[in-house]
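Me: Please take a close look at the charged side chains of this structure and at the way they pair with one another. I am in my first year, and I would be glad if each term were explained when it appears.

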Amino acid sequence: MGKLVMNPGVYPDYDDLGARLRGIDKLEVAAVNQWSPEVAIRNSIRISSKWWVGTINGVEEMVVGVAPVQGMDRWGAPWMLSSDKFLHSPSIKERPWHTFRGFRFLEFIRVTPGGHYDLDNLHV
């Protein structure tokens, strides 16, 4: 399997990636916003100040971004939607996983009060 490559500000093929989202991501966007996966990707990018598309062997496997928090200047809400293939890539399998209430989560961002973040130089 190829290496994950991050591409800032590139629009993915919404229909292709949406159809391949992880089951848990599909459930989450349906529960929170009642959106289809394709609409969830499109709307998440539309409201975000920054976003990246992750590819493996040239195929879009994940999208991640930061959306502004209404009424809270200088705050952003991180989000990520991905395919199963993304989670099985070598660069992700090696990362620390956390279990919360019986569910496994991949920590993809950690926010520190007073921290300064260079969003253009993220490393996944």
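Reply: Of the 124 residues of the protein, 34% count as buried, where buried means under 20% relative accessible area, exposed means over 50%, and partly exposed covers what lies in between, with a 1.4 Å probe and protein chains only. The model is a predicted one, in which local features need pLDDT of at least 70 and side-chain atom pairs count only at pLDDT 80 or more, while totals for chains, interfaces and linings use all residues. Residues are numbered from 1 along each chain as its sequence is written, and side-chain values use heavy atoms, with hydrogens and water left out.

Before turning to the charges, it helps to have the framework in view. The protein has five helices and six strands, which are DSSP runs numbered from the N terminus (H or I and at least four residues for a helix, E and at least two for a strand). Read along the sequence, these elements follow the pattern β-α-α-α-β-β-β-α-α-β-β. If we take the contacts (heavy atoms within 4.5 Å) between residues at least 6 apart in sequence, 54% of them join residues at least 24 apart.

Now to the charged pairs themselves. Side chains of opposite charge can pair when their charged atoms come close. The structure holds three salt bridges, a salt bridge being a side-chain nitrogen of Lys or Arg within 4 Å of a carboxyl oxygen of Asp or Glu.

Two of these bridges involve R20, which counts as partly exposed because its relative accessibility is 26%. One partner of R20 is D16, and the closest N and O atoms of this pair are 3.1 Å apart; D16 has a relative accessibility of 34% and is therefore partly exposed as well. The other partner is E61, whose side chain meets that of R20 at 2.7 Å, N to O. This second pair links distant parts of the chain, since R20 sits in the loop between α1 (14–19) and α2, whereas E61 belongs to strand β3 (residues 59–68), 41 residues apart. E61 has a relative accessibility of 2%, so this residue counts as buried.

The remaining bridge is made by D25 and R22, whose side chains meet at 2.9 Å, N to O. D25 is buried because its relative accessible area is 2%, and R22, with 17%, is buried too. Salt bridges that share partners join D16, R20 and E61 into one network.

Which residues does D84 contact, leaving aside its neighbours within four places in sequence? They are R20 and R22, two arginines that we have just met in the bridges with D16 and D25. D84 itself lies in helix α4 (residues 84–87) and, at 44% relative accessibility, counts as partly exposed. A backbone distance adds to this picture: the C-alpha atoms of D84 and L21 are separated by 7.0 Å, although these residues are 63 apart along the chain.

A charge can also sit over a ring. R42 lies over the face of Y14, at 4.4 Å from the ring centre; the rule for such a case is that NZ of Lys or CZ of Arg is within 6 Å of the ring centre and within 35 degrees of the ring normal.

Rings may pair with each other too, and the structure holds one aromatic pair. The rings of Y11 and W51 have their centres 5.2 Å apart and their planes at 50°, so this pair is tilted. The pair links distant parts of the chain, with Y11 in the loop between β1 (4–8) and α1 and W51 in strand β2 (residues 50–56), 40 residues apart. For the terms used here, rings of Phe, Tyr and Trp (its six-membered ring) pair if their centres lie within 6.5 Å, and planes under 30 degrees apart count as stacked, over 60 as edge-to-face, and the rest as tilted. Y11 counts as exposed because its relative accessibility is 52%, whereas W51, at 14%, counts as buried.

To return to where we began, the charged network made of D16, R20 and E61 brings together the partly exposed R20 and the buried E61.
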